[in-house]
Amino acid sequence: MVWVEVVAMTQAEQLGQRFDVAVIGGGAAGLSAAVVLGRARRSVVVIDAGAPRNAPASGVHGFLSLDGISPAELIETGRKEVEHYGGLVVHGEAQSARRTADGFEVVFDESRVVSARRLLVTTGLVDELPDIRGVRQRWGRDVVHCPYCHGWEIRDQAVGVLGTGAAAMHQTLLFRQLTSDLVLFTHTAPALTEEQAEQLAASGVRVVTGLVDSVEVADDRITGVRLSDGTFVARQAVVVAPQFVASSQVLATLGLHATPHPSGHGVFVAADPTGLTEVPGVWVAGNVTNLMAQVVTAAAEGVSAAAAINADLITEDTQHAVTAYRTMHAVGHDHPDVSVMFTQEFWDERYSSSDRIWSGNANPHLVAVATDLAPATALDVGSGEGADAIWLAAQGWRVTGVDVSRVALDRAAKQAAEAGAEIAGRITWQQADVLAWDPAPLRFDLVSAQFMHLPRPELESLHRRLAAAVRPGGTLLIVGHDLETSIGRHHFPDLLFTADQVAATLDPDDWHIVTATPERQVVDPDGQSITIRDAVLRAVRRH
Ligand SMILES: Cc1cc2nc3c(=O)[nH]c(=O)nc-3n(C[C@H](O)[C@H](O)[C@H](O)COP(=O)(O)OP(=O)(O)OC[C@H]3O[C@@H](n4cnc5c(N)ncnc54)[C@H](O)[C@@H]3O)c2cc1C
C-alpha cells in the first residue's frame with residue numbers, strides 16, 4: 001500500500017505536534033469524524049490497526065450511493081479524504097491512553113506516543129462467533145448475521161438459521177422476509193414456545209432440533225449443516241448470531257469499561273447522544289458504542305461526535321481568547337490597568353480553564369540555587385500550582401507559598417497532600433495580592449520569585465519588598481524571561497526585565513549580588529525545540 005510508505009517519511013515529524021483530536025480506529029466512524037474535523041480546520045490524527053469489522057465481506061451494502069463498494073476501497077477512499085483535509089492517518093494499534101495537563105497521550109505500537117486535546121475512540125467491535133466447525137471459515141461470505149448487510153445477496157437461497165440464543169426466533173423471521181426456503185436449527189437456543197412454533201409453521205419455516213456439529217464446505221461454498229447425530233441438511237447459507245464485544249481495551253486504560261447491552265447481544269461502551277463518555281474529553285462513535293450500527297450509521301455517528309468535539313474545542317478556544325484579550329486589554333495602554341490582569345478573578349479564571357497550567361516540575365534555577373543551601377525558611381511568591389514550594393518542602397524547607405489565586409492555592413495544597421503528610425505539613429499556603437502585600441521583614445532564609453512579571457513600577461516595588469523579607473545571610477532569587485533576549489517572543493515586552501535591572505534595586509553594600517542570563521532549551525507551542533535565556537538574580541544579604 002503506497003500511502004503508508006509516502007506518509008511514513010514525514011510521520012515522525014508530524015506526530016511530534018499536539019493535535020486537536022486523536023481518533024483511535026479508522027473505520028467508517030473514525031474516518032468520517034476525521035474528515036469533518038479536518039474540514040473544520042482541526043488538526044487530527046487517526047491511528048488505525050487496519051482491520052475493519054466487515055473486512056471479510058465482498059461489498060458494503062445499504063450505504064446510499066456507495067452500494068456494493070468493497071470494504072477496502074471504502075477505507076482507502078476515506079483515508080485519502082482525511083489526508084486531503086490535512087489529517088494524518090497512521091497505521092498502528094493503540095494500547096493505552098492517559099490524561100495529561102492539557103489533553104491526552106496515546107501510546108500505540110507499544111512505544112510510539114501521540115498527544116491531543118481530545119480523544120475519539122472508534123475501535124469497533126469483535127464478533128464472537130459460535131464455536132462450530134466451518135463457521136469462522138465462511139464468516140462474512142455465506143455465514144452471515146445481518147439481513148440488511150447481506151440478506152439480499154442470499155435471497156431465495158436455501159438458508160439455515162443456527163440458533164444459539166433467544167434472538168434465534170427474531171432472526172429467523174427477519175430472514176424469512178428474504179427466502180421461503182428457511183430452516184431453523186434450534187441447536188442451543190431456548191425451546192420454542194407454542195406461539196413461536198405456530199408462527200414458524202405459519203411462515204413455512206422448517207424447525208430442526210438437535211445439536212449442530214459443523215457447517216460443511218466444498219468447492220469454496222457451504223453445502224449444508226451436519227448435526228451431531230450425523231443428519232445432513234443441505235443449505236447454501238447459514239445465519240448466526242455473534243456476541244458483539246466492543247473493542248474497549250484503550251478506553252479501559254482511562255477507566256471506561258464496556259458493560260452488557262440491554263439487548264443481550266453483547267457489551268458496549270455507554271455514551272450520551274453525541275458520543276461523549278463519562279470521561280470528559282473522550283468521545284466514542286460507531287460499533288464500539290452502538291452494537292447495531294451499520295456502516296452508514298457508524299459514519300453518521302462519527303460526524304456527530306466530530307461536530308460535538310469541535311464545539312467543545314471552540315468553547316475552550318474562546319475562553320482562552322477572552323483571557324488573552326483581557327490580558328492584552330489590561331497591558332495595552334500607556335498606563336496599564338494592572339488591577340485587571342493581576343486580580344484574583346483573572347488568575348482564578350486562568351487556572352480554572354485547565355486541569356493544570358504549569359509542568360509540575362520545580363523551576364530549574366530554584367533547584368540549582370536551593371540545592372546548595374541548608375534547608376530553613378523559604379518564601380515562594382507566585383506559588384501557582386505549588387511545584388516549587390513542594391520541591392523545597394521535600395528538601396526539608398519550611399515554606400510559605402503565596403499566590404493571588406485561590407484556585408491555584410487549592411490545587412497546590414492538593415498536590416502537596418498527594419506528596420505526603422510530612423511535605424504538606426511543612427508548607428503554609430497564603431492568599432495575597434502581591435501588588436499590595438508586605439511580607440514580614442527579615443523573616444526568610446530564601447525568598448524566591450520565579451517568572452513573576454508585572455509592569456515596571458509595580459515590579460520594582462515588589463522586588464524591594466521581597467528583598468526586605470530576606471534575613472541576614474539569606475538569599476533572594478528573582479528569575480524571569482530576560483528582556484533583551486526575549487523581545488519578539490513575548491506579547492508583552494513591557495513586563496520583562498533584566499537581572500541588572502533587578503540588581504539596581506538593591507544596595508551593593510548590603511548585598512552580595514550575582515546576575516546571569518543562562519540559556520535553556522524549551523519546546524515552544526508549535527512543538528519546536530528552541531533556546532531561550534532567563535534573567536537570574538541571586539543576592540545574599542550581607543547583614
Ligand atoms: C461480515 C460483515 C459484513 C458487513 N456488511 C455490512 C454491509 O454490507 N453494510 C453495512 O452497513 N454494514 C455492514 N457490516 C457492519 C459494519 O462492519 C459496521 O457497521 C462498521 O464496520 C462499523 O464501523 P466502525 O467504524 O464502528 O468500526 P470498524 O469498521 O470495525 O472500524 C474499527 C477500526 O478500528 C481499528 N482498531 C480497533 N482497535 C484498535 C486499536 N486499539 N488501535 C488502533 N486501531 C484499532 C480496527 O482495526 C478497524 O480498522 C458488516 C459487518 C460484518 C461483520
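## Domain organisation

Domain bounds are taken here from an automatic or database domain assignment. On that basis the protein chain is divided into domain 1 (2–126 + 244–316), domain 2 (130–241) and domain 3 (345–541). The C-alpha centres of domain 2 and domain 3 lie 74 Å apart.

The model is a predicted one, in which local features need pLDDT of at least 70, side-chain atom pairs count only at pLDDT 80 or more, and totals for chains, interfaces and linings use all residues. Residues are numbered from 1 along each chain as its sequence is written, and side-chain values use heavy atoms, with hydrogens and water left out.

## The ligand shell

The ligand is surrounded by 37 residues, of which Asp-48, Ala-51, His-61, Ala-293 and Val-295 come nearest; a residue is near a molecule if one of its heavy atoms lies within 4 Å of it. By class, the shell has 16 nonpolar, 17 polar and 4 charged residues. Here Ala, Val, Leu, Ile, Met, Phe, Trp, Tyr, Cys and Pro count as nonpolar, Asp, Glu, Lys and Arg as charged, and the others, Gly among them, as polar. Because domain 1 and domain 2 both give residues to this shell, the ligand lies between them.

## Polar contacts and coverage

Polar contacts are pairs of N or O atoms within 3.5 Å. Backbone atoms take part in several such pairs with ligand oxygen atoms: the distance is 3.0 Å for a polar backbone atom of Ala-29, 2.8 Å for a backbone N or O atom of Ala-51 and 2.8 Å for a polar backbone atom of Asn-287. On its own the ligand has 990 Å² of accessible area, and the protein covers 95% of it (Shrake-Rupley method, 1.4 Å probe).

Two or more shell residues come from each of helix H2 (28–39), strand E2 (44–48), helix H5 (147–150) and helix H9 (295–331). Helices (H or I, at least four residues) and strands (E, at least two) are DSSP runs, numbered from the N terminus.

## Cysteines

The structure holds 0 disulfides, a disulfide being a pair of cysteine sulfur atoms within 2.5 Å. Cys-146 has a relative accessible area of 9% and is therefore buried, whereas Cys-149, at 22%, counts as partly exposed. Buried means under 20% relative accessible area, exposed over 50%, and partly exposed in between (1.4 Å probe, protein chains only).

## Leu-496

Leu-496 is located in the loop between helix H17 (483–486) and helix H18 (499–503). Its relative accessible area is 2%, so Leu-496 is buried. Leu-496 and Ala-252 are separated by 244 residues in sequence and by 46 Å in space, C-alpha to C-alpha.

Notes:
Polar contact = N/O pair within 3.5 Å; in protein donor to acceptor, adjacent residues only side chain to side chain.
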